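Student: Could you take one spot in this model and look at it closely for me? I'd like to know what it touches, and then how the rest of the chain is put together around it.

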Amino acid sequence: YRGELAAAMAADAARHGAALTSEDLAAHEADWVGTIAQPYRDVELHEIPPNGQGIAALQALGILRHLGLSSYPLDSAHSLHLQIEAMKLALADAYRFVADVDHMDVTPGTLLDDSYLQKRAALVDLKRAGDPGHGEPARGGTVYLTAADASGMMVSFIQSNFHGFGSGVVVPGTGISLQNRGAGFVLDPRHPNSVAGGKRPFHTLTPVLVTDDDGRLEMTIGTPGGHGQTPIVLQVLNNI
């Protein structure tokens with residue numbers, strides 16, 4: 001974010017009339033964050049907090065706690081229906097509320113409150129598909145990697161340049177392909193995820209850690225797939 005590479009990126013942006021400057025890059029800071037978590041059966045699922053969509057997987061699991069999923073055979077029509085309906089409700093919330101956490105108008109804790117999730121679960125009809133009103137998942141350009149060593153150290157890592165090959169812009173002389181995650185912003189100025197400078201957009205990246213009831217790390221889960229990531233995590237965890 002500083003030095004020769006940053007200068008090259010800023011200069012190339014300027015040549016193409018883009019808004020990115022060396023001051024923007026120098027002002028950027030990565031955050032060391034804790035996780036947001038949801039207990040589910042005898043484990044606890046940990047996700048990175050917003051601006052990512054991982055909270056939707058936690059919400060869907062919280063909704064499923066109130067729907068008696070385990071009483072239906074694995075991969076039966078009823079089992080899949082309940083998972084799909086829970087995921088649709090959770091993603092509808094994510095699309096409305098998730099943004100840079102400093103700009104959200106509700107907290108992650110509010111979205112994960114059990115009484116709220118119980119109300120969301122009450123909207124599920126076992127015999128009918130609901131329609132929260134959102135479109136089909138979009139394609140992405142994501143790689144997920146998980147690794148573990150003999151001591152139990154685990155890494156859940158995800159990276160994405162987003163659509164296709166990101167922005168399609170490679171900074172000359174660097175090999176750096178710029179992403180286009182800014183496409184995750186919305187243009188409604190009243191929305192917490194409205195586009196603005198110095199702000200992170202909603203994104204779909206969903207690396208997961210799973211701990212047991214003693215707090216010990218048990219496994220990692222992750223997948224590419226744009227908006228399909230949280231439903232995949234939900235189904236994989238339930239199948240395990």
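Tutor: Let's start at Asp93: leaving aside its neighbours within four places in sequence, it is in contact with Gln59, Val98, Leu111, Tyr116 and Arg120 (contact means heavy atoms within 4.5 Å). Asp93 sits in helix H4, which runs over residues 77–97. With a relative accessible area of 6%, Asp93 counts as buried (buried is under 20%, exposed is over 50%, partly exposed is in between, with a 1.4 Å probe and protein chains only). Helices (H or I, at least four residues) and strands (E, at least two) are DSSP runs, numbered from the N terminus.

Before going on, a word on what you're looking at. This is a predicted model, so local features need pLDDT of at least 70 and side-chain atom pairs count only at pLDDT 80 or more, while totals for chains, interfaces and linings use all residues. Residues are numbered from 1 along each chain as its sequence is written, and side-chain values use heavy atoms, with hydrogens and water left out.

Staying in H4, you'll find a salt bridge between Lys88 and Glu85, with the closest N and O atoms 2.8 Å apart (the term means a side-chain nitrogen of Lys or Arg within 4 Å of a carboxyl oxygen of Asp or Glu). The two are three residues apart in the helix, so about one helical turn separates them. Lys88 is partly exposed at 26% relative accessibility, whereas Glu85 is buried at 6%.

Helix H1 (residues 4–15) has a pair with that spacing too: Arg15 and Asp12 are three residues apart, which puts about one helical turn between them. Their closest N and O atoms are 3.2 Å apart in a salt bridge. Here Arg15 is exposed at 57%, and Asp12 is buried at 4%. In general, side chains of opposite charge can pair when their charged atoms come close. The structure holds nine salt bridges in total.

One of those bridges belongs to a little group: Asp212, Asp214 and Arg216 are linked in a network. Within it, Arg216 bridges to Asp212 with the closest N and O atoms 3.1 Å apart. Arg216 is exposed at 52%, while Asp212 is buried at 13%.

Asp212 also takes us to the strands, as strand E7 covers residues 208–212. E7 pairs with E2 in the antiparallel sense over five bridges (two strands pair if DSSP finds at least two bridges between them). Glu47 of that pairing has Val208 in E7 as its bridge partner. E2 is joined to strand E1 (residues 36–40) as well, again antiparallel and by five bridges, and there Pro39 is matched with Glu44 in E2. E1 and E2 make a hairpin with two residues between them, and Arg41 in the turn has a positive phi of about 55 degrees. Four of the five residues of E2 (residues 43–47) are buried, so E2 is largely enclosed by the rest of the structure.

Loops can hold buried residues too, and Thr223 is one to click on. Thr223 is in the loop between strand E8 (217–221) and helix H7 (229–239), yet it is buried, with a relative accessible area of 11%. Beyond four places in sequence, its contacts are Tyr144, Ile158, Gln229, Ile232 and Val233.

For something on the outside, try Leu145, Val155 and Phe157, which form a nonpolar surface patch with about 290 Å² of accessible area together. Such patches take residues with over 30% relative accessible area and no salt bridge, joining like charges within 9 Å and nonpolar side chains (Val, Leu, Ile, Met, Phe, Trp, Tyr) within 5 Å. Phe157 belongs to strand E4 (residues 154–160) and is partly exposed at 45%.

Now zoom out. The chain has seven helices and eight strands. Its radius of gyration is 19 Å, close to the 18 Å of the globule rule for 240 residues, so the chain is as compact as a globular protein of that length (the radius is taken over C-alpha atoms, and the rule is 2.2 Å times the number of residues to the power 0.38). The C-alpha trace spans about 60 × 50 × 30 Å along its principal axes, and 41% of the 240 residues count as buried. Of the contacts between residues at least 6 apart in sequence, 59% join residues at least 24 apart. The chain exposes about 13,100 Å², with carbon and sulfur atoms supplying 57% of that; accessible areas come from the Shrake-Rupley method with a 1.4 Å probe, and for residues only the protein chains shown count as cover.
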